[in-house]
Amino acid sequence: MSIIKSPRAPVDILSSKLSHLQAMLMMTYGNGQDPFDSMSDVVRDNYMWACAALVDDCIELVESPAIVSGVSA
């Protein structure tokens, strides 16, 4: 199912996904970097792939007609 067709308002979905992405990326720098660096290459790659997927979802939401026109779902 497309994230755009969710019954939740696109702005709410976008906010949630950006919060998830922010939390995930905090593990990749500063104090959170040590656990990230200790992950295997495969796990780190999958982790960053998940971050990239969240970015793709956010882009899809931002480009959705509901966001562009300011209409809630």
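**Notebook: a four-helix chain**

I started at a small detail: a polar atom of the serine 64 side chain lies 2.7 Å from the backbone oxygen of leucine 61. I keep in mind that this is a predicted model. Serine 64 sits in the loop between helix H3 (41-62) and helix H4 (65-69). Is serine 64 buried or exposed? I looked up its relative accessibility, and at 2% serine 64 counts as buried. Its partner, Leu61, is on the list of buried residues of H3.

**Overall picture**

Next I stepped back to the whole chain. I count four helices and zero strands in the protein chain, and the order from the N terminus is α-α-α-α. The chain has 73 residues, and 23% of them count as buried. I also checked the contacts with a separation of 6 or more: 61% of them are between residues 24 or more positions apart. The accessible surface comes to about 5,000 Å², and carbon and sulfur atoms hold 61% of it.

**Helix H1**

I checked the length of H1 (residues 10-25) against expectation. With 16 residues at 1.5 Å each, H1 should span 22 Å, and the end C-alpha atoms are 22 Å apart, so the two agree. Which residues of H1 are buried? I found Pro10, Ile13, Leu14, Lys17, Leu21 and Met24. Looking down the axis of H1, I see these buried residues within an arc of 100°, so they line one face of the helix. A reminder to myself: an α-helix has 3.6 residues a turn, so residues three or four places apart point the same way. On the face of H1 turned away from the buried side I noted the exposed residues Val11 and Gln22.

Lysine 17 caught my eye in that list. Lysine 17 belongs to helix H1, and I count it as buried because its relative accessible area is 16%, under the 20% cut-off. What does the side chain of lysine 17 make a polar contact with? I found the side chain of aspartate 57, at 3.1 Å.

**Helix H3**

I repeated the length check here. The 22 residues of H3 should span 32 Å at 1.5 Å a residue; I read 31 Å between the end C-alpha atoms, which agrees. Buried in H3 are Tyr47, Cys51, Leu54, Cys58 and Leu61. Down the axis of H3, its buried residues fall within an arc of 80°, so they too line one face of their helix. The face of H3 turned away from that side carries exposed Asp41, Val42, Asp45 and Trp49.

I then looked at valine 62, which lies in helix H3. Its relative accessibility is 43%, so I put valine 62 down as partly exposed. Valine 62 and leucine 14 are 48 residues apart in sequence, and their C-alpha atoms are 7.8 Å apart in space.

**The core**

Which residues make up the largest nonpolar core? I list six: Leu21, Met24, Phe36, Tyr47, Cys51 and Leu54. H1 and H3 are the elements that give two or more residues to this core, and H3 gives the most, with three.

My last look-up was phenylalanine 36, one of the core residues. Setting aside neighbours within four places in sequence, I find phenylalanine 36 in contact with Met27, Thr28, Arg44, Tyr47 and Met48. Of these, Tyr47 is itself a member of the core.

Terms used:
Residues numbered from 1 in each chain as written. Predicted model: local features only at pLDDT ≥ 70, side-chain atom pairs only at ≥ 80, totals over all residues. Heavy atoms only, no water. Buried < 20%, exposed > 50% of the residue type's maximum accessible area, 1.4 Å probe, protein only. Contact = heavy atoms within 4.5 Å. Areas by Shrake-Rupley, 256 points an atom, 1.4 Å probe, with all protein chains shown as cover. Expected span 1.5 Å × (residues − 1). Arc of directions from axis to C-beta. Polar contact = N/O pair within 3.5 Å; in protein donor to acceptor, adjacent residues only side chain to side chain. Core = buried A, V, L, I, M, F, W, Y, C linked by side-chain atoms within 4.5 Å.
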